[in-house]
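Student: I have a structure to go through before my next bench session. Can we take it by question and answer?

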Amino acid sequence: MTSKDNQSYLNAHVRDLETGGDTLLNIGENSPTVLAAVSPNEEVFVYIRQYANTYATGYVKIGSEEYPLTPDDKKVHISYNPIFIDNHTVYFTTDYEVKYAYLAKYGLLSKQFSEVLKINEESIEDLKWNKHMQKFYLVTEKGVTDFLYTYDLATKNLEKIKTPVDVINKIEVTERGTVYLLGLSAKLPTNIFELTDEWKQLTNNGVLGVNEVEMVEPDVVSYKSFDNLEIEALLFKALPENDNGHTIFWPHGGPQAAERKTFRSMFQSFLNRGYTIFAPNFRGSTGYGSEFVKLVEHDWGHGPRLDCIEGIDWLIDQVITDKERLFLVGDSYGGYMALLLHGRHPEYFKAVVDILDHLTYLHLLTLCQRTGNRLCNVG
């Protein structure tokens, strides 16, 4: 893929490593377009066109002819992870017409789309194929945690595999069936694991000078927001011997992202110094279905803000904190939200920290332009 001759939408080329020859395969149009899969005989290609976080459509291209992977490419949905299991069949993940991404397939001979496998209230986020074993490896996302499954294409058997981590960044599967996993948890930084008969940790990426018992595993809690929408959150409670009585409220970045059970050195540092941390996955967060993610579109400052306020009220009702012991810290979209919360609801917070980055600055600049606030005219 290259921006040469097509800076906005990208072109696809194939390079012959022996001759150095360069052949143009596809000209991207209408949206950034990437080559996502190639058939074994190298005659069929799958491209993904990315219109937005929640709108990315897949297309099969055979010669000059192109077909959408899903029945209606004008409907807002995503199609990712295309895999050719032979020259005529493409499997992929999509949330076409449903909340949670599932496994689907497209038959090149019949030009037909069909659903293959749905996992209740879990979105299939990654897909790997083992040709020798005729199995798919599926990584699913549900709230703050990921899960790993195998799906036998012949028997239709779905098997859940226990993993040594809570969040899976990547999996790779060899032809012999060995699984390599890159993942992490709240108390474990990113490491590589190998699965044969059982999991074996191959790397030793830890926290120097800190024992795991000195770190904190979060509780998963939930509360009702102003419109009765259920919001899930992570509550990191400072260890009793360290507790200083104060709480840090952390709105995550994105906004179409989520706070998950991942290792954050900043969190563990704050916890070690006695601060409790509360991190809500307000509307617009990933991991709760496509409808939940889309709730933030055209609403970056009302619904998500009130979700945060309801979370703070929940903390106060649970006697976890009060307005004299609550701090507000955010980065990226979370920095924008931190400033918005403190600006609209200053009575809730003792202090606020915006970890300013370019995205926060753009959010603020857009807000200032819309409000016509001359005080925002800073370089």
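The turns below cover the sheets, the salt bridges, the cores and one helix.

Student: What kind of model is this?
Tutor: Keep the origin in mind throughout. The model is predicted.

Student: Take the open sheet with strands 7, 8, 9 and 10. Which strands stand at its edges?
Tutor: The sheet is open, and its order is 7-8-9-10 with antiparallel pairing. An edge strand here pairs on one side only. That description fits strand 7 (79–84) and strand 10 (112–117).

Student: What is the average twist in that sheet?
Tutor: Twist is taken from one strand to the next. In the 7-8-9-10 sheet, the average is 30 degrees.

Student: Which residue in strand 9 is the bridge partner of T93?
Tutor: Strand 8 (residues 89–94) and strand 9 (residues 102–107) run antiparallel, joined by six bridges. In strand 9, T93 has as its bridge partner L103.

Student: Now the sheet with the order 11-12-13-14. Why is one side of strand 11 and of strand 14 left without a neighbour in the sheet?
Tutor: This open sheet has four strands, paired antiparallel. Strand 11 (123–130) and strand 14 (158–161) each have a single partner strand, so one side of each lacks a neighbour in the sheet. The reason is their position at the edges.

Student: Which residue of strand 14 stands opposite Y149?
Tutor: Strand 13 and strand 14 are antiparallel and pair over four bridges. Opposite Y149, in strand 14, stands K160.

Student: How many residues lie between strand 17 and strand 18 in their hairpin?
Tutor: Strand 17 has strand 16 as one partner: strand 16 (residues 179–185) and strand 17 (residues 188–195) pair antiparallel over six bridges. A hairpin through two residues joins strand 16 to strand 17. Strand 17 also runs antiparallel to strand 18 (residues 199–201), with three bridges. The number of residues in the hairpin between strand 17 and strand 18 is three.

Student: Which residues stand opposite V179 and F193?
Tutor: V179 has its bridge partner in strand 17, and that residue is L195. F193 faces a residue in strand 18, namely Q201.

Student: On to charges. How many salt bridges does a search of the whole structure find?
Tutor: The search covers the whole structure. One of the pairs is D126 with K128, whose closest N and O atoms are 3.4 Å apart. Both D126 and K128 are buried. The total for the structure is 17.

Student: How far apart in the chain are R260 and D146?
Tutor: Their side chains meet in a salt bridge, at 2.8 Å from N to O. The pair links distant parts of the chain: R260 is in the loop between strand 21 and helix 1, and D146 is in strand 13 (residues 145–152). The separation is 114 residues.

Student: Is R260 buried or exposed?
Tutor: Buried means under 20% relative accessible area. R260 has 10%, so R260 is buried.

Student: Is D307 buried or exposed?
Tutor: D307 forms a salt bridge with R283, the closest N and O atoms being 2.7 Å apart. R283 counts as buried because its relative accessibility is 6%. For D307 the value is 0%, so D307 counts as buried.

Student: Which residues have the most contacts inside the largest nonpolar core?
Tutor: This core has 39 residues. Several elements give two or more residues to the core, including strand 19 (219–224), helix 1 (265–272) and helix 3 (303–317). Those with the most contacts inside the core are F236, F249, I277, F278, I312, L341 and F349.

Student: Which element gives the most to this core?
Tutor: The top contribution is six residues. Its source is helix 4.

Student: What is the distance between the end C-alpha atoms of helix 4?
Tutor: Helix 4 (residues 333–344) has 12 residues. At 1.5 Å a residue, the helix should span 16 Å, and the model agrees. Its end C-alpha atoms are apart by 16 Å.

Student: Which residues of helix 4 are buried?
Tutor: Under 20% relative accessible area is the cut-off for buried. In helix 4, the buried residues are Y333, G334, G335, Y336, M337, A338, L340 and L341.

Conventions
Residues are numbered from 1 along each chain as its sequence is written. This is a predicted model: local features need pLDDT of at least 70, side-chain atom pairs count only at pLDDT 80 or more; totals for chains, interfaces and linings use all residues. Side-chain values use heavy atoms; hydrogens and water are left out. The expected span of a helix is 1.5 Å times one less than its number of residues. Buried means under 20% relative accessible area, exposed over 50%, partly exposed in between (1.4 Å probe, protein chains only). A nonpolar core is a set of buried Ala, Val, Leu, Ile, Met, Phe, Trp, Tyr and Cys residues joined through side-chain atoms within 4.5 Å. A salt bridge is a side-chain nitrogen of Lys or Arg within 4 Å of a carboxyl oxygen of Asp or Glu. Two strands pair if DSSP finds at least two bridges between them. Axes are lines fitted to C-alpha atoms, for helices over the stretch in contact, and angles run from 0 to 180 degrees between N-to-C directions.
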